[in-house]
Amino acid sequence: MAAKVTFLPDNKTFEARPGTTLLDAARRARVHIRTRCGGKAACLMCKVRVTENAGTGLAEPNRNEELKLGGLQQDGYRLACQAKITGPVTVLVPEDPLKSAIRKQLEKQEEEW
């Protein structure tokens with residue numbers, strides 16, 4: 001039975017099979033989550049934050065993920081490449097730093113006009 005996964009701030013929803021990683025579900029939903037290591041938990045770029053159903057829609061973190069995240073998992077952060085879907089979950093995908101810088105620059109230019 002598929003589980004509903006919602007990606008914020010895009011507010012895209014995708015039905016994923018249990019056991020699918022958040023990264024794979026995001027790719028299928030056409031939500032961009034940054035990664036450099038190809039999903040091997042080496043780059044830590046795919047951090048997302050669980051905003052609802054904390055812990056209920058994802059499997060417990062494996063040892064590798066726990067070591068990589070340190071204390072961040074207590075704040076709801078997970079590695080999208082390692083977090084496996086078990087039920088409905090909503091995650092916040094951080095804004096790409098380059099997009100953020102461009103957005104801030106455009107906002108600054110609008111204020112100056």
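**View 1. L44 sits in the loop between α1 and β3.** Helices and strands here are DSSP runs numbered from the N terminus, with at least four residues for a helix (H or I) and at least two for a strand (E). This is a predicted model, in which local features need pLDDT of at least 70 and side-chain atom pairs count only at pLDDT 80 or more, while totals for chains, interfaces and linings use all residues. Residues are numbered from 1 along each chain as its sequence is written, and side-chain values use heavy atoms, with hydrogens and water left out. L44 has a phi near 60°, a positive value in a residue other than glycine. Its relative accessibility is 29%, so L44 counts as partly exposed; the scale runs from buried (under 20% relative accessible area) through partly exposed to exposed (over 50%), using a 1.4 Å probe and protein chains only.

**View 2. A41 is another residue with positive phi in the loop between α1 and β3.** Phi is about 60° here, although A41 is not a glycine. Is A41 buried or exposed? With a relative accessibility of 3%, A41 counts as buried.

**View 3. C37 and C43 have their sulfurs 3.7 Å apart.** A disulfide is a covalent bond between the sulfur atoms of two cysteines. The cut-off used here is a pair of cysteine sulfur atoms within 2.5 Å. C43 holds the closest cysteine sulfur to that of C37, but at 3.7 Å it is too far for a bond. Looking from the other side, the closest cysteine sulfur to C43 is in C37. C37 is buried at 18% relative accessible area, whereas C43 is partly exposed at 22%. How many disulfides does a search of the whole structure find? The count is 0.

**View 4. The peptide bond from L8 to P9 is cis.** Omega for this bond is near 5°. As for where to look, P9 is in the loop between β1 and β2 (12-16).

**View 5. The largest nonpolar core has 25 residues.** A nonpolar core means a set of buried Ala, Val, Leu, Ile, Met, Phe, Trp, Tyr and Cys residues joined through side-chain atoms within 4.5 Å. F7, L22, I33 and I85 have the most contacts inside this core. Two or more residues each come from β1 (3-8), α1 (22-28), β3 (47-52) and β5 (89-92). Which element gives the largest share? That's α1, with 4 residues.

**View 6. F7, in strand β1, is buried.** Its relative accessible area is 0%. Contact means heavy atoms within 4.5 Å. Skipping neighbours within four places in sequence, F7 is in contact with residues including F14, L22, I33 and V91. F7 and V48 are 41 residues apart in sequence, with 9.6 Å between their C-alpha atoms.

**View 7. L22 is in contact with V5, F7 and I33, among others.** Neighbours within four places in sequence are again left aside. The list for L22 also includes V48, L58, I85 and V91.

**View 8. L98, I102 and L106 form a nonpolar patch on the surface.** Together they have about 300 Å² of accessible area, from the Shrake-Rupley method with a 1.4 Å probe, counting only the protein chains shown as cover for residues. Patches are made of residues with over 30% relative accessible area and no salt bridge; nonpolar side chains (Val, Leu, Ile, Met, Phe, Trp, Tyr) are joined within 5 Å, and like charges within 9 Å. A salt bridge, in turn, is a side-chain nitrogen of Lys or Arg within 4 Å of a carboxyl oxygen of Asp or Glu. L106 lies in helix α3 (residues 97-112) and counts as partly exposed at 47% relative accessibility.
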